[in-house]
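The exercises below go with the structure shown here. Work each one from the coordinates before reading its solution.

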Amino acid sequence: MIFTSTNVFIIFTIIFLLFYMYFWHRLNFQQFLCSPLPHILNLSYNSISIFDLFLASISRNYSITLLKSKPGMGNIFSISLSLDTIITRCWDCATGQASYICNLEDNLHALQTELAELKELRSDLMRRVKIAEDEQQLKRLGQVEGWLQRAETLITDADQLIQESPQHVEKLCMGGCCSSQPRSTHRFGKQITRILRKVKYLKGKGDFSDVASKPPLPSSTERPSEPTVGLESYLKKVWSCLQKEQVGIIGIYGVGGVGKTTLLSQINNKFHDTTHDYHVIWAVASQDRPIEKVQDEIAKRVGLSNEGWKSKSLDEKAGDIRSILHKKKFALLLDDIWEWFDLTRAGIPIPTQENGSKVIFTTRRLDVCCQMQPNMANNIRVECLPSGEALKLFEEKVGSETLHMHPDIHKLAEAVAEECAGLPLALITIGRAMASKKTPQEWEYAIEVLRKSAASVLPGVGKEMYPKLKFSYDCLPDERFRSCFLYCSLC
């Protein structure tokens with residue numbers, strides 16, 4: 001290149017612009033030191049300026065030589081450079097910045113199209129997640145949840161920019177290549193370009209073969225429970241036994257309706273509300289096919305219940321349960337057993353001090369309790385409520401409004417509560433039935449019915465509960481309700 005006055009002027013103008021851009025972008029000194037200087041510079045290190053380093057970082061086509069001179073004469077330097085490279089780089093920079101304005105309308109159209117597709121993809125994904133969660137009881141994957149959250153945020157930001165776009169498009173002129181307010185239009189065009197890139201990227205990441213998976217089984221599940229009267233001391237006794245490592249099986253016994261199931265529910269909920277390492281399983285044995293019923297309940301809690309489960313034999317089920325529970329520290333809450341329950345045949349490992357597992361069961365019969373746990377110190381009898389607590393529970397269920405309808409009702413209520421013999425179930429059931437009885441005559445009739453009812457009419461129910469059950473049955477509004485009750489009792 002011939003260094004005419006015009007060329008020299010152009011060169012120094014470009015250098016001045018680049019030097020200005022350098023300070024405008026606040027490049028630091030260390031960035032130049034990281035440049036490929038050995039390939040660019042051939043210099044002596046007794047004097048070097050930031051200006052020299054800036055020139056060195058521009059292109060490998062520069063050759064700068066610093067000539068050492070006599071003291072006081074300064075440095076003499078010569079520059080050999082390629083003007084084509086400088087012009088190319090400046091042009092690339094200028095056109096790159098200008099494209100944010102020139103391509104604004106095209107980028108806006110592209111963004112609207114890509115955004116619409118992103119919204120459709122999000123809707124389809126959310127529909128798949130809803131089906132998996134509601135119908136299949138699955139839990140959405142973390143990566144799916146993260147994608148949906150990012151999509152929601154990105155869609156909100158993109159919609160906001162699209163709403164602002166008309167005022168910026170109106171400022172375009174000269175076929176869309178210039179703007180009446182280039183600074184704000186340039187900034188807006190840059191935002192559109194960046195968010196368009198993000199939308200395209202997120203769309204590419206939205207293809208999920210699976211959106212949900214089977215959730216991990218909870219260590220315990222809360223059971224419905226109401227405030228109770230008189231069971232607090234029994235709960236403390238049972239929980240105290242559970243803390244003893246040498247105790248593996250705990251029995252709870254008492255007459256029907258005394259609150260054994262309620263107590264067991266409170267134990268279950270205490271597991272739920274406290275930190276522990278047990279896998280808590282609730283199962284009801286009852287009289288009809290107790291082992292099969294307990295196996296099915298356990299299978300649901302440990303994830304064995306599926307289409308092929310019902311077709312398996314009792315021994316096959318026992319093997320599957322044993323293989324699972326053998327690896328767990330479990331607490332089996334076994335409600336309402338009527339005879340000795342064979343844990344081994346059901347596939348339940350016998351609780352020991354080594355495996356740390358527990359079995360807590362309820363039964364009406366003391367002999368069954370002794371068969372399951374010979375050490376009576378670990379068997380807890382639930383007694384009927386004393387008269388004071390029984391009356392308190394009964395009055396709570398009747399309600400103060402009914403009790404104050406007539407001066408005689410309160411005294412009659414004491415007599416009805418006495419007929420319930422301190423049984424919580426009877427007190428609750430009859431208390432609710434008497435809540436609608438507003439006259440002393442109705443209360444007197446109730447006392448008469450309770451005293452005349454005989455347990456011999458329905459053997460096996462027990463003299464404590466039969467009169468109360470019959471009375472509550474008679475208190476149903478009409479025959480339609482009574483027929484429904486009898487039908488449900490046969491199911």
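**Exercise 1: surroundings of Thr-363**

Beyond four places in sequence, Thr-363 contacts Ile-252, Tyr-253, Gly-254, Lys-260, Ile-337, Val-368 and Cys-369. The model is a predicted one.

Task: Decide whether Thr-363 is buried or exposed, and find which backbone atoms its side chain reaches.

Solution.
1. Place the residue: Thr-363 belongs to strand S10, which covers residues 358–363.
2. Apply the cut-off: buried means under 20% relative accessible area. Thr-363 has a relative accessibility of 1%, so it is classed as buried.
3. Look for polar partners of the side chain. One is the backbone oxygen of Ile-337, at 2.8 Å. Another is the backbone nitrogen of Arg-365, at 3.2 Å.
4. Compare with the contact list: Ile-337 appears there as well.

**Exercise 2: strand S10 and its partners**

Task: State how many residues of S10 are buried, and in which sense S10 pairs with S7 and with S9.

Solution.
1. Count the buried residues: 6 of the 6 residues in S10 are buried, so the strand is largely enclosed by the rest of the structure.
2. Sort the residues by direction. Lys-358, Ile-360 and Thr-362 point one way, while Val-359, Phe-361 and Thr-363 point the other way.
3. Take strand S7, residues 249–253: S7 pairs with S10 in the parallel sense over 5 bridges. Opposite Thr-363 stands Tyr-253, a residue also found in the contact list of Thr-363.
4. Take strand S9, residues 330–335: its pairing with S10 is parallel too, over 4 bridges. Here Leu-334 has Phe-361 as its bridge partner in S10.

**Exercise 3: the loop at Asn-375**

Task: Locate Asn-375 and classify its exposure.

Solution.
1. Asn-375 sits in the loop between helix H13 (366–372) and strand S11 (379–381).
2. The relative accessible area of Asn-375 is 41%, so the residue counts as partly exposed.
3. Check a distance: the C-alpha atoms of Asn-375 and Ile-250 are 9.3 Å apart, although 125 residues separate the two in sequence.

**Exercise 4: the largest nonpolar core**

Task: Find which residues touch the most other members of the largest nonpolar core.

Solution.
1. This core has 47 residues, and those touching the most other members are Ile-267, Ile-360, Phe-394 and Trp-443.
2. Ile-360 links back to Exercise 2, being one of the buried residues of S10.
3. For Trp-443, leave out residues up to four places away in sequence. The residues touched are then Phe-394, Val-398, Thr-402, Ile-409, Leu-412, Ala-413, Val-416, Met-434 and Lys-437.

Key: Residues are numbered from 1 along each chain as its sequence is written. This is a predicted model: local features need pLDDT of at least 70, side-chain atom pairs count only at pLDDT 80 or more; totals for chains, interfaces and linings use all residues. Side-chain values use heavy atoms; hydrogens and water are left out. A nonpolar core is a set of buried Ala, Val, Leu, Ile, Met, Phe, Trp, Tyr and Cys residues joined through side-chain atoms within 4.5 Å. Buried means under 20% relative accessible area, exposed over 50%, partly exposed in between (1.4 Å probe, protein chains only). Contact means heavy atoms within 4.5 Å. Helices (H or I, at least four residues) and strands (E, at least two) are DSSP runs, numbered from the N terminus. A polar contact is a pair of N or O atoms within 3.5 Å; within protein, one must be able to donate a hydrogen and the other to accept it, and residues adjacent in sequence count only if both atoms are side-chain atoms. Two strands pair if DSSP finds at least two bridges between them.
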